[in-house]
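Me: Could you take a close look at one part of this chain for me, the stretch that carries a domain annotation? I'd like one connected walk through it, and then a quick tour of what else is going on in the fold.

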Amino acid sequence: MFQIDTQIAAKIVNRTMKIIGHNINVMNAQAVILGSGEVERIGTIHEGALLAISQNRNVEINQTIASNLQGVKPGLNLPLHYQGQVVGVIGITGEPDTLSHYGELLKMTAEMIVEQANLQEQLQWQNRQKEEFIAQLIHANEQDLPSLKQWALQLGIDFSVPRVAAIIELDSHNPLYQQDNQALKQVLYLLQNPVRDNLIAMTSLTQLVILKPAFLDGKQFDPELENQRINKLLKRLPANMQLSLHISLGHYFSGDLGISYSYRTAKETMDIGKKLHPQKSKYLYQDYSLQVLLSGLRHHWRGNALASPYMKLIEVDKNQQLQKTLAAYLEHMGDIQTCANSLFIHRNTLRYRLDKIQTITNIDLHSFNGLLSLYLGQLIHQPSA
């Protein structure tokens, strides 16, 4: 059964005392005064309220009756109802004869506040349930699926809707965002309006996870359409919010575990994107797909074996000069002049460095397989954000 708490009681007292010039007491279903214009009475038992609750009727108390009851002053006490149950009492201090015309008005006001508080509580509970559901869904495995499907049914969520994961992060280095999540709540509001069937969870003070319907055109997943939608969201952010945020979009996967896989790709895309291009605000899986897929080999024996030539370079190249040279050489598809220009060095200096890389790694840089081996090693052991 719904119960009146001190917060609701204080709200009723504050609002109703503005209507009339009399003290108001609000008691719970046990007749304990939870709110009062006379604060010294809070926490005491009101015997007049006990009568109103036990007999479920309005109780008028004059001076004579009040003198025989504990914690009672002359006034009018009216039981408060919610869904057919007595949940408390509202009391008005004063002579009953002068208060009767206020009674029903104040009772109605108080009951409306109670109903509103209960609806808000139910909504908050449902939102907490949805956030917890999303938090478990994005980390789900095969064994979790039966209980998650049942949970989705209880929450009114269609588990079969194809979805893709996106992550929004505020600048975690900004102490303002660490202390106050109002900025993230503003972004949350923009995501919820207009309604687009997004499932959204605030996973920390600086992060939102969004599970978006994947088929924006009704037929298939189109990363470009999602890209356009993200651009529109960024444009909707008010300039005065002064937000520094990053958005990553994962890949779409079909099947019951598709959302879990999609979230993992969104997270890896975020981590890699922030490391490689920290100045950007948007990271799309298709722009980092190879790095994301290979990141799973990090700390795995297959990945270590594949990257062993590149690891030799890391061990020797303490100032990372050769690693940067190799990265530029790969980026410019082996074009010596373009690569040298990008590094602001002479062609002969570049050749000297490339020869040194070949000696350390024992890889022929003129061989496709050799270059591929070093490229994959570079991707696998790219530092995470």
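Reply: Sure. In this predicted model, residues 322–377 are 77% helix and 0% strand, and the C-alpha atoms at the two ends of the span sit 14 Å apart. The label comes from UniProt, where an unreviewed entry lists 322–377 as "domain: PucR C-terminal helix-turn-helix".

Let's zoom in on α13, which covers residues 321–331 and includes leucine 330. Leucine 330 has a relative accessibility of 16%, so with the cut-off for buried at under 20% it counts as buried. What does leucine 330 touch, once residues up to four places away in sequence are set aside? The answer is Leu371, Tyr375 and Gln378. As for tyrosine 375, it is 45 residues from leucine 330 along the chain, yet their C-alpha atoms are separated by 7.2 Å.

Leucine 330 has company in α13: the buried residues of this helix also include Leu322, Gln323, Thr325, Leu326, Ala328 and Tyr329. Among the elements covering them are α12 (308–316), α14 (336–343), α15 (347–361) and α16 (368–380). Just past the end of α13, methionine 333 adopts a positive phi of about 55°.

Now for the rest of the fold. There's an open, mixed sheet of five strands, ordered β7-β8-β6-β9-β10. Its edges are β7 (199–204) and β10 (282–284); each has a single partner strand, so one side of each lacks a neighbour in the sheet. On average, neighbouring strands here are turned by 15° against each other, ignoring direction. Further in, β6 (residues 163–170) pairs with β8 (residues 207–213) in the antiparallel sense, over seven bridges. Glutamate 169 stands opposite glutamine 207 of β8.

Helices lie across this sheet too. Helix α7 (residues 182–192) lies across β6, β7, β8 and β9 (245–249), running at about 170° to β7. Helix α9 lies across β6, β8, β9 and β10, at about 35° to β6.

Helix α9 (residues 258–276) also meets α10 (residues 285–295): their axes come within 9 Å and cross at roughly 105°, which means α9 is roughly perpendicular to α10. On the α9 side the contact is made by Thr265, Glu268, Thr269, Ile272, Gly273 and Leu276, and on the α10 side by Tyr285, Tyr288, Gln291, Val292 and Ser295. Sorted by class, that contact has five nonpolar, five polar and one charged residues.

Methods:
Residues are numbered from 1 along each chain as its sequence is written. This is a predicted model: local features need pLDDT of at least 70, side-chain atom pairs count only at pLDDT 80 or more; totals for chains, interfaces and linings use all residues. Side-chain values use heavy atoms; hydrogens and water are left out. UniProt positions are given in the numbering used here, feature names are shortened, and annotations may be inferred rather than shown by experiment. Helices (H or I, at least four residues) and strands (E, at least two) are DSSP runs, numbered from the N terminus. Buried means under 20% relative accessible area, exposed over 50%, partly exposed in between (1.4 Å probe, protein chains only). Contact means heavy atoms within 4.5 Å. Axes are lines fitted to C-alpha atoms, for helices over the stretch in contact, and angles run from 0 to 180 degrees between N-to-C directions. Angles under 35 degrees count as roughly parallel, over 145 as roughly antiparallel, 65 to 115 as roughly perpendicular and the rest as oblique. Ala, Val, Leu, Ile, Met, Phe, Trp, Tyr, Cys and Pro count as nonpolar, Asp, Glu, Lys and Arg as charged, and the others, Gly among them, as polar. Two strands pair if DSSP finds at least two bridges between them.
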